[in-house]
Amino acid sequence: MKKLVGLLVLSTGLLVGCSEEKPDVVNLSYVDAHWTVSKYSLEQPEVIEAVGETLQACTGKLTTELKGDLTVYDTVIANRHPMTDTGDEYAYKAVTYIKGDEHYVLCRDMLSERFQAEVIDSFPHFVDTEKGNHIQRIPFIEPAGESAEATFLEADELIDPSNAVEPFLNTLVTFTPAVHGEMELTIGNRPVQFPLVMFDPTMAHMDEIKVAIGYHPEEQKPYVLMKLADLFFSVSPIDEIVDPMNEERLYEKLTVKRLPLHSEMSPDKSYPLYEFSYIRDGEPVTEMVSITYRATELLTTSEQQALKDNPDEQYMPTVSGPLIYLHEKPFNNESILTYPTVLRASGNEMDDLIQAIDGAEPTNRSGDAGDYPFLTIVEGLKGQEFEVTYKQRSKKLDIYVTDRSTEETYKLTSEGAETFLSYFPDLKKK
């Protein structure tokens with residue numbers, strides 16, 4: 001009886017062993033070698049090893065509300081530089097760590113201009129929580145003081161002899177940045193084409209943003225003069241949305257009066273800021289210029305998924321589906337590979353090639369290195385790297401792939417090898 005039980009146990013064990021599933025050969029993850037990650041604070045950018053933590057941010061359930069008083073800590077930016085001359089592999093992701101009633105990560109990437117936010121249990125070890133900056137939810141605007149006017153005039157861009165824009169110094173106002181959203185200008189009933197400024201949590205260290213109106217007498221056009229902290233000064237024409245049926249609008253003999261405004265800016269409410277007076281077609285014109293704060297909504301989980309499923313609707317559209325390359329040397333962030341040192345899998349559909357690689361069987365053997373010993377798959381923010389070896393037999397070519405992270409080797413089936421070669425026809429010429 002004991003022998004029978006032993007045989008039953010042994011046979012059960014064999015059955016269990018036979019039913020084990022073959023490991024996935026294609027198993028995409030965040031590849032450290034493909035990314036450069038830098039931490040930005042008040043000091044110079046610092047390169048850190050945080051690929052997984054950065055790219056994983058905002059991939060869970062998103063939140064649409066940042067609760068409590070907000071303190072902004074470090075921002076970390078991940079860049080995957082182009083691997084080939086097409087630049088199709090380029091990607092980036094910016095992650096800012098914020099403390100309110102909970103710990104938050106605020107993300108922006110190639111999906112949308114809008115932010116994504118997620119609640120996390122705690123900040124990663126590299127976040128410096130001793131150097132945070134408080135940030136408001138909505139901006140506060142007021143006239144600038146005399147000292148601000150004096151420093152504003154000292155900007156190199158205004159002193160430059162080639163600059164023909166004359167500032168109306170009495171138009172200078174300051175406002176505090178908000179955590180996200182944008183400021184818009186409207187002249188009369190004509191909205192300006194581009195936002196005055198787009199807020200970002202990295203602006204938390206700026207006490208104020210200074211804005212004034214300038215005038216180019218020869219062009220007869222108004223300009224926006226803007227100073228962000230003491231780091232950046234811009235002189236930009238006020239580009240209104242131009243009606244192609246009408247001629248370009250000119251502002252002959254423009255004068256500008258600043259209206260009294262000292263207030264928090266409620267979202268979507270327009271506040272009169274300036275009064276423009278000028279001549280048009282020989283007649284005097286007076287128009288009100290208003291400013292509006294738009295508090296953009298945080299991206300929802302469903303909106304995020306919809307953008308992932310529709311690359312053409314993304315802010316910076318990415319290639320749909322995986323990119324698969326054979327190449328002579330490993331990819332790095334300092335150089336770009338070009339044909340013929342890199343071969344891109346031909347065709348638009350990669351399903352058969354992915355299945356051919358994923359259907360490979362584990363083996364302890366490998367072949368010989370060929371002209372293209374490296375295989376790389378890139379899809380979204382993830383990827384996978386293999387070493388490829390080949391063994392020429394009398395009537396066919398055996399192909400082996402070794403996962404560079406696990407060092408496990410797999411042999412493609414005969415049908416898989418034929419499919420592989422069909423995607424890389426240049427290999428047949430070698």
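## Close-ups of a strand-rich predicted model

Thr376 sits across from Glu385, a residue of strand S24. That pair belongs to a predicted model, and the views below start around it before moving on to other parts of the chain.

**View 1. Strands S23 and S24 meet as a hairpin.** Here S23 is joined to S24 with two residues between them. One residue to look for in the turn is Gly380, whose phi is positive at about 60 degrees. The two strands run antiparallel and share eight bridges, with S24 covering residues 382–392. The Thr376–Glu385 pairing is a handy place to start when tracing S23 against S24.

**View 2. Strand S20 meets strand S23.** What does Thr376 of S23 stand opposite in this view? That would be Tyr325. Strand S20 takes in residues 323–327, strand S23 takes in residues 368–379, and the two are antiparallel partners over five bridges. Ile324 has a bridge partner in S23 too, namely Ile377. As background, side chains in a regular strand alternate between the two faces of the sheet.

**View 3. The seven-stranded open sheet.** Pull back a little and the strands line up as S21-S20-S23-S24-S25-S26-S22, in an open sheet with antiparallel pairing. Which strands stand at the edges? They are S21 (342–344) and S22 (361–362); each has a single partner strand, so one side of each has no neighbour in the sheet.

**View 4. A six-stranded open sheet, with a look at S14 and S15.** This sheet is open as well, its strands running in the order S15-S14-S13-S9-S8-S17 with antiparallel pairing. The edge positions go to S15 (232–237) and S17, and because each has a single partner strand, one side of each is left without a neighbour in the sheet. Strand S14, residues 221–228, pairs with S15 in the antiparallel sense through six bridges. Within that pairing, Leu228 faces Phe232 of S15.

**View 5. Ser263 and its surroundings.** Ser263 belongs to strand S17, which spans residues 263–264. Is Ser263 buried or partly exposed? Its relative accessible area is 23%, so Ser263 counts as partly exposed. Leaving aside residues up to four places away in sequence, Ser263 touches Pro139, Phe140, Ile141 and Tyr271. For a sense of scale, try Ser346: it is 83 residues from Ser263 in sequence, and the C-alpha atoms of the two are 59 Å apart.

**View 6. The whole chain, for orientation.** Zoomed all the way out, the protein has seven helices and 26 strands. The radius of gyration is 30 Å, well over the 22 Å from the globule rule for 430 residues, so the protein is more spread out than a compact globule. Along the principal axes, the C-alpha trace spans about 105 × 55 × 40 Å. Of the 430 residues, 43% count as buried. Among contacts with a separation of 6 or more, 63% link residues that are 24 or more positions apart. The exposed surface comes to about 23,400 Å², with carbon and sulfur atoms supplying 49% of it. As for charge, there are 38 positive and 74 negative ones, and their mean positions are 8 Å apart.

Definitions and conventions: Residues are numbered from 1 along each chain as its sequence is written. This is a predicted model: local features need pLDDT of at least 70, side-chain atom pairs count only at pLDDT 80 or more; totals for chains, interfaces and linings use all residues. Side-chain values use heavy atoms; hydrogens and water are left out. Helices (H or I, at least four residues) and strands (E, at least two) are DSSP runs, numbered from the N terminus. The radius of gyration is taken over C-alpha atoms; the globule rule is 2.2 Å times the number of residues to the power 0.38. Buried means under 20% relative accessible area, exposed over 50%, partly exposed in between (1.4 Å probe, protein chains only). Contact means heavy atoms within 4.5 Å. Accessible areas come from the Shrake-Rupley method with a 1.4 Å probe; for residues, only the protein chains shown count as cover. Lys and Arg count as positive and Asp and Glu as negative; His and the chain ends are not counted. The place of a charge is taken as NZ of Lys, CZ of Arg, CG of Asp or CD of Glu. Two strands pair if DSSP finds at least two bridges between them.
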